[in-house]
Amino acid sequence: MVSDDIKVALIGLDTSHAVEFPRFMQDPARAAVAGRLGMRATRCLSFETPFQGRDGLAARRRELESLGMLVTEDFDTAVADCDAIMIEINDPSLHREYFERCAELGKPVFLDKPWADTLEQAAAMRETARKCGLRWFTASPLRWDVALTAALESGVTPESAVVWGPLGSAPAGSSVIWYGVHSFEMLERIMGPGAVAVRFSGDRKGGVCHVVYGDGRRGTVELTAGSLRYGGVIRDDREREVMFQVGGGTPFYVMLLREVAAFFRGKGAGVPETESFEIMAMLAATERSAATGSFEPVFKA
């Protein structure tokens, strides 16, 4: 361990990210891929959720302990002697509770996707962060995928975009919010803010989301059950387009961790809160549209 490594406390063990991220931080076998991130996961708070039971938690605990981490069921112990916090809870209905507990500590926070289980919960968390003056951000690692980044650097102006990704089946709560966040994060990275309405059309494979922008642009998000593929096409109004397929080059987990490390050191801004809130608002609009069959407004921050 290097003496100036940022000591990171992980909150939650019901997601594979809680194991994968420490591996990239401190497993020598991953160093050739990740490089030196300058962070070390030291402790983790473990508890059962609908997304992971006791047996699965025990297996993950052994993994983390092999990386030199302390795994505990006591919150105060988990956050003791840390420099920063990563909230790695798969169940988004628990995000607000632990976000508010972490906000009181005054340490920088990365909140793993999605922001919350509902837009109302996200808005309440936003107010907590503002009152505490908390430095924090939330994101999906898909935002920094190298293929997506290369497509954005190709010179094509994004007048429209189609992105696709999996529609996972959430053990509890909304599957669209829990897993659709990855695809909507890609769309937000491509198109930027400005979405005003979403209509969801369901089918036997999942569904297609039509996103309308105030300036006339449009986005399409295809969510497919049982699929593991992410990708997209970016188009401009001059008959130019570029396609990207996620999965090659540096893993997007590493790209995310580099952003998190820079943020924790005060050298990066993370993702603007307004963009993250718009992603949550699009997901919430998609949920409403699935029930009404109509275009639903994207509520603004």
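Which residue is the bridge partner of V162 in β11? To find out, let's walk through this predicted model, starting from the strand that holds the pairing together.

Strand β7 spans residues 160-166, and seven of its seven residues are buried, so the rest of the structure largely encloses this strand. β7 has two pairing partners to look at here. With strand β10 (residues 218-224), β7 runs parallel, and seven bridges join the two. With strand β11 (residues 231-235), the pairing is antiparallel and extends over five bridges. V162 lets you see both pairings from one residue: in β10 its bridge partner is T220, and in β11 its bridge partner is V233. That settles the opening question.

V233 also leads us onward, as it is among the residues that F244 touches. Setting aside residues up to four places away in sequence, F244 also touches V163 and W164, along with A147, L148, A151, M186, I190, G231, G232 and I234. F244 has a notable place in the largest nonpolar core: of the 63 residues there, F244 and I11 touch the most other members. A second core, separate from that one, has 35 residues, including L13, M25, M39 and M86. As a general backdrop, nonpolar side chains in soluble globular proteins tend to be buried together.

For a last stop, turn to T72, which lies in strand β3 (residues 70-72). Is T72 buried or exposed? Its relative accessibility is 12%, and because buried means under 20%, T72 counts as buried. Beyond its neighbours within four places in sequence, T72 is in contact with C44, L45 and S46, and also with T77 and A78.

Technical notes:
Residues numbered from 1 in each chain as written. Predicted model: local features only at pLDDT ≥ 70, side-chain atom pairs only at ≥ 80, totals over all residues. Heavy atoms only, no water. Helix = DSSP H or I, 4+ residues; strand = E, 2+ residues; numbered from the N terminus. Buried < 20%, exposed > 50% of the residue type's maximum accessible area, 1.4 Å probe, protein only. Contact = heavy atoms within 4.5 Å. Core = buried A, V, L, I, M, F, W, Y, C linked by side-chain atoms within 4.5 Å. Pairing = 2+ DSSP bridges.
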